[in-house]
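Please look over the structure below. A short report on selected features follows.

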Amino acid sequence: MPCNPRYEILFEPVRIGPVTAPNRFYQVPHASGMTNALPRVRAAFREAKAEGGWGVICTGACSIDPSSDDAPLPFATMWDGNDIRAHALMTEAVHRHGALAGVELWHGGASVMNRTSRLPPLSPSGIPWMATHVGFMGNLRPKTMDKADIRGVLRCQADAARKARTAGFDIVYVYAGMGYLGYEFLLPEYNHRSDRYGGSIENRVRFVREMIEITKDAVGKDCGVALRVSLEELRGRPGRNQPSEAHELVELLADVPDLFDVKMDSSPTDCSASRFTGEGSHEPVIDFVKSLTKKPVVGVGRFTSPDTMVSQIRRGVLDFIGGARPSIADPFLPAKIREGREAEIRECIGCNICISSWHDGVPVRCTQNPTAGEEWRRGWHPERVGRTDKPERILIVGGGPAGLECALTLGRRGHEVMLADSSRTFGGRLTFEKTLPGLSAWNRVVDYRLGRLNEMSNVSLYPESPLGADEIIELSPDRVVLATGARWTDMLYSSLEIPVGRLDHPDVLTPDDIAGGRLPKGPALVFDFDNYYMGGVLTEHLAAQGIPVSYVTPAGQASAWTIMTNELPLVHRALARRKVAVTTLHLLKAFDGETATLAHLFTGEEVRVACRSLVIVGLRLPRGELFQTLTERADGLAAAGIRGVDRIGDALAPGAIAHAVHSGHKLAREIGTDIRWQHYRRDTPIVDAVADFDMRTAAEYSNSRKSVRRSSFGIASNKEF
Ligand code: ADP
Ligand code: SF4
């Protein structure tokens, strides 16, 4: 199908200094958790997006010097020749599809702890970043940069920019956002300097200006030079001759970079979850930028709707549609718009499992796109699956995320698929969860898959079809896949994490009871040791229905794991707004229908809380009865010609929806092949020669009397000669 003429504006080329992007789809820098240690995994991950039509593909944060060391969080480096070769795999892959490759050169300043390099973190005035955060304590406090340190960082930036050009990058970044070094210079709370780098906004902007200028001097003839800057905080500060300091910054730098990449200041607002924030949420902060510069502007906002994208361009908010999460969830989003296939866009659901992967220090995972990060190591293409030459009749029992994904992928492979679910609607756990506060966008997992399944002639859908072993044997498919999900239990644990049995009382409920339509008597108490979203969102849900409810957890925070998905502060805010009392560090000991007994996790001191019902959000166990019965009836299965019974998703191992989708996809790829037990290809760093290392650091540059010379082993030494 042709592109809808309304959307053609999205496919116009746009110049960025000396280079030209083929269209307005710009994959902004985003963490992938892949680092230079997994160069082929990273190249293939980025290549998929270039193939899918993104006109610019960027790396994540790429350190310019060992004084910017974020370990144990994953980050890329541009320190030496090995790094150049590692990145070159990515630029070559991106160029194969006509896209531009951008590198987010980065110095973390005081926001990195230099745990590995053990160099003092650098900062404008020695003020620690996130000094109140546990992860930052016990580490080195930052050093105040002297003029030589500033010169050192500028030279590292220029060196890294030249290496980036050698690696084949077309766009080179200066990063002044998210608490990193450039940003720290911009804010007077971090910048107390009395020299030409501190004080007035002109002075505070100077370091960023010099970083851009030195980058342009180094590579500006060949590469576009982009400034990535966070504007949320500055937008809130009145300016002297402009409405805000953010306006003043853009005015001061209007002609300096070739591109403005504008964003918010902290992960929860910049990469905000759909539970709390809608599409295009950055606009009120960045809407003015284009009015003050003629240079192109890129911004993000979890854009998945082409109409929203076009509106951003036409209204003069952005020149490029920036995407990080939308490009992970659907690397082929631009191609689908260009080909008039908007209905096939696999829209990001805004769950932030992807960002949790970075916090976990592992390659990116995505709820919507099970192939993310698997392009090279498992050979999974986001849009294509190999067709089978031996089609089978495969019955899938259970139409939740796992069953739907498995059916879709098996159908695409050419199998004859029957998908049955006992419920009236497909969607499994999402049928209920999409009704919880803020979670409606999560149903895109179901909408995308059901939409495609309904178009496939080799897939039959059977709602309202509870299946037992007899029915399955009677249907006699070639194979059975059980995607029957999991159940929440009322199991409790001791303070030593030892299961202490079920809490048996008629007024003890689980999320499944509430999903089934039962409401707890008020006042209710939600006891959450699952610690992901369910306990918090269910509490909100009950409070919204007027049920007095309090929340208790043995963790230190409500919905503690949501720190990984950027949601935690907003979960607390939502509970506070609902006037929910939150008790942390307590275990549930007993309940008699009138009172719950809680015990402090560490002291054991007991408190009693009046409540008439309990909701336990804790352990989930697979719904395993059907699998058990089928394995006991092996003879019946064999007689019916059923070759195998597999389990996927929560029926195999309960977890987040992302894992269920991945599990369904994996089995569907592997059925009928001999790769069932083969895991994946292992990537290795590119190490050409250890002697190639260039050990110069910003700290060394800072001492102009010291010279850097290679030792007899070829390793640079910082001895004075
Ligand atoms: P997952 O996340 O692994 O996809 P869900 O719990 O979301 O798991 O979905 C499981 C689905 O399986 C539910 O929709 C449930 O109704 C369905 N189901 C469970 N047992 C049966 C059965 N015996 N016959 C048909 N459908 C079943
Ligand atoms: Fe979007 Fe969730 Fe995928 Fe991240 S993990 S890209 S938020 S669907």
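## Strand β13 and its partners

V298 stands opposite F320 in β13. This pair belongs to a predicted model. Strand β12 covers residues 297-299, and two bridges join β12 to β13. The two strands run parallel. On the path between them comes helix α11, residues 306-314. Together, β12, α11 and β13 make a right-handed β-α-β unit.

β13 also pairs with strand β3, residues 25-27. That pairing is parallel too, over three bridges. Here Q27 stands opposite G323 in β13. Which residues point which way from β13? F320 and G322 point one way, and I321 and G323 the other. All four are buried. Strands of a sheet pair through backbone hydrogen bonds, either parallel or antiparallel.

## The nonpolar cores

The largest nonpolar core has 83 residues. Within this core, L10 and L231 have the most contacts. Helix α3, residues 147-167, gives the largest share of the core, with nine residues.

What does L231 touch beyond its neighbours within four places in sequence? Its contacts include the nonpolar residues A246, L249, V262, V285, I286, F288 and V289. The charged residues K263 and D265 are in contact with L231 as well. Apart from the largest core lies another, of 58 residues. I349, I394, V481 and A668 are among the residues of that core.

## The shell around ligand 2

How many residues surround ligand 2? The shell has 14 residues. The closest are C348, C351, N352, C354 and C366. By type, the shell divides into eight nonpolar, four polar and two charged residues.

Two helices each supply at least two residues of this shell: α12 (325-329) and α14 (353-360). α12 gives the most, with three residues.

## A parallel sheet of five strands

Five strands form an open sheet. Their order is β21-β28-β22-β23-β24, and the pairing is parallel. β21 (508-509) and β24 (582-583) are the edge strands, so each pairs on one side only.

At the β24 edge, two bridges join β24 to strand β23, residues 549-552. These two strands run parallel. The bridge partner of Y551 in β24 is V582.

## The loop between α19 and β22

α19 spans 511-515 and β22 spans 524-528; L519 is found in the loop between them. Is L519 buried, partly exposed or exposed? L519 is partly exposed, because its relative accessible area is 43%, and the partly exposed class lies between 20% and 50%. Leaving aside neighbours within four places in sequence, L519 is in contact with L509, L542, Q545 and I547. L509 belongs to the edge strand β21 (508-509). L519 and R118 are 401 residues apart in sequence. In space, their C-alpha atoms are 55 Å apart.

P523 has its place in the loop between α19 and β22 as well. A cis peptide bond joins G522 and P523. Omega there is about -5°.

## Unusual backbone geometry

Most residues other than glycine have a negative phi, and most peptide bonds are trans. Besides the bond before P523, which is cis, a cis peptide bond joins A71 and P72. Its omega is about 10°. P72 is found in the loop between β4 (56-63) and β5 (76-77).

Two residues are listed here for their phi. S559 is not glycine, yet its phi is positive, near 45°. S559 has its place in the loop between β23 and α21 (568-577). Why does S559 count as buried? Its relative accessibility is 0%, and buried means under 20%.

L585 also has a positive phi, near 60°. L585 is found in the loop between β24 and β25 (586-591). L585 counts as partly exposed because its relative accessibility is 27%, and this value falls between the 20% and 50% limits.

Note on methods:
Residues numbered from 1 in each chain as written. Chains lettered and ligands numbered in written order. Predicted model: local features only at pLDDT ≥ 70, side-chain atom pairs only at ≥ 80, totals over all residues. Heavy atoms only, no water. Core = buried A, V, L, I, M, F, W, Y, C linked by side-chain atoms within 4.5 Å. Buried < 20%, exposed > 50% of the residue type's maximum accessible area, 1.4 Å probe, protein only. Contact = heavy atoms within 4.5 Å. Near = heavy atom within 4 Å. Right-handed = clockwise from strand over helix to strand, strands pointing away.
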